[in-house]
Amino acid sequence: MSEPEPRPLPDGHEARDLLKDILVKDGLCIAVFKFGAVVFPEELESKLRGLVGKEAAVLRLDGRYHCRAV
């Protein structure tokens with residue numbers, strides 16, 4: 001069984017789990033969490049890269065992304 005396609009994070013939602021890896025593909029940043037993959041704008045790659053291997057949270061609010069370790 002293959003992994004589901006990465007999905008975008010809807011506004012007002014949070015992705016929160018162990019951040020396993022970050023991939024950049026076709027101008028997008030794909031964050032691979034323990035629960036699955038989420039697509040973010042490529043400019044978040046540097047912020048997210050520092051959270052790999054940690055419990056991380058990314059909140060999308062009013063079209064802006066807020067990243068932190070939890």
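This briefing covers the sheet, the nonpolar core, the aromatic pairs, the cysteines and the salt bridges of the structure above.

The model is predicted. Its strands include an open sheet of 6, in the order 1-4-3-2-5-6 and with mixed pairing. The largest nonpolar core has 15 residues. A search of the whole structure gives 2 aromatic pairs. The counts for charged and sulfur pairs are 2 salt bridges and 0 disulfides.

**Sheet**

- The order of the open sheet is 1-4-3-2-5-6. Its edges are strand 1 (7–8) and strand 6, each of which pairs on one side only.
- Strand 2 is antiparallel to strand 3, over 6 bridges. Within strand 3, Val-32 is the bridge partner of Asp-21.
- Strand 2 is also antiparallel to strand 5, here over 5 bridges. Asp-17 stands opposite Ala-56 of strand 5.
- Strand 5 and strand 6 run antiparallel and share 6 bridges. Leu-61 has Arg-64, in strand 6, as its bridge partner.
- The hairpin of strand 5 and strand 6 leaves 2 residues between the strands. Asp-62 has a positive phi there, near 55°.
- In a regular strand, side chains alternate between the two faces of the sheet.

**Nonpolar core**

- Which members of the largest nonpolar core touch the most other members? They are Leu-19, Ala-31, Phe-33, Phe-40 and Leu-48.
- Four elements give two or more residues to this core: strand 2 (14–25), strand 3 (28–33), strand 4 (36–41) and strand 5 (55–61).
- Ala-31 has contacts beyond its neighbours within four places in sequence. Among them are the core members Leu-19, Phe-40 and Leu-48. The list also takes in Asp-21, Ile-22, Gly-36, Ala-37 and Val-38.
- Nonpolar side chains tend to be buried together in soluble globular proteins.

**Aromatic pairs**

- A pair of aromatic rings is described by the distance of the centres and the angle of the planes.
- Phe-33 and Phe-35 have ring centres 5.2 Å apart and planes at 15°, so this pair is stacked.
- Is each ring of that pair buried or partly exposed? Phe-33 is buried, because its relative accessibility is 1%. Phe-35 is partly exposed, because its relative accessible area is 36%.
- The pair of Phe-40 and Tyr-65 is edge-to-face. Its centres are 5.5 Å apart, with 90° between the planes.
- Phe-40 lies in strand 4 and Tyr-65 in strand 6 (residues 64–69). The two are 25 residues apart, so to speak of distant parts of the chain is apt.
- Phe-40 and Tyr-65 are both buried.

**Cysteines**

- A disulfide is a covalent bond between the sulfur atoms of two cysteines. The count in this model is 0.
- Why is there no bond at Cys-29? The closest cysteine sulfur, in Cys-67, is 8.8 Å away, which is too far. The cut-off for a disulfide is 2.5 Å between the sulfur atoms.
- From the side of Cys-67, the closest cysteine sulfur is that of Cys-29, at 8.8 Å.
- Cys-29 is buried, at a relative accessible area of 0%. Cys-67 is partly exposed, at 26% relative accessibility.

**Salt bridges**

- The count is 2 salt bridges.
- Asp-11 and Arg-60 form one of them through their side chains, at 3.9 Å from N to O. The cut-off for a salt bridge is 4 Å, so this pair qualifies.
- This pair links distant parts of the chain, with the two positions 49 residues apart in numbering. Asp-11 sits in the loop between strand 1 and strand 2, and Arg-60 sits in strand 5.
- Both ends are partly exposed: Asp-11 has a relative accessible area of 41%, and Arg-60 has 23% relative accessibility.
- Arg-49 and Glu-45 form a salt bridge at 2.8 Å, N to O.
- Arg-49 and Glu-45 both belong to helix 1 (residues 45–49). They are 4 residues apart, about one turn of the helix.
- Arg-49 is partly exposed at 40% relative accessibility. Glu-45 is partly exposed as well, at 24%.

Definitions and conventions:
Residues are numbered from 1 along each chain as its sequence is written. This is a predicted model: local features need pLDDT of at least 70, side-chain atom pairs count only at pLDDT 80 or more; totals for chains, interfaces and linings use all residues. Side-chain values use heavy atoms; hydrogens and water are left out. A nonpolar core is a set of buried Ala, Val, Leu, Ile, Met, Phe, Trp, Tyr and Cys residues joined through side-chain atoms within 4.5 Å. Buried means under 20% relative accessible area, exposed over 50%, partly exposed in between (1.4 Å probe, protein chains only). Contact means heavy atoms within 4.5 Å. Rings of Phe, Tyr and Trp (its six-membered ring) pair if their centres lie within 6.5 Å; planes under 30 degrees apart count as stacked, over 60 as edge-to-face and the rest as tilted. Two strands pair if DSSP finds at least two bridges between them.
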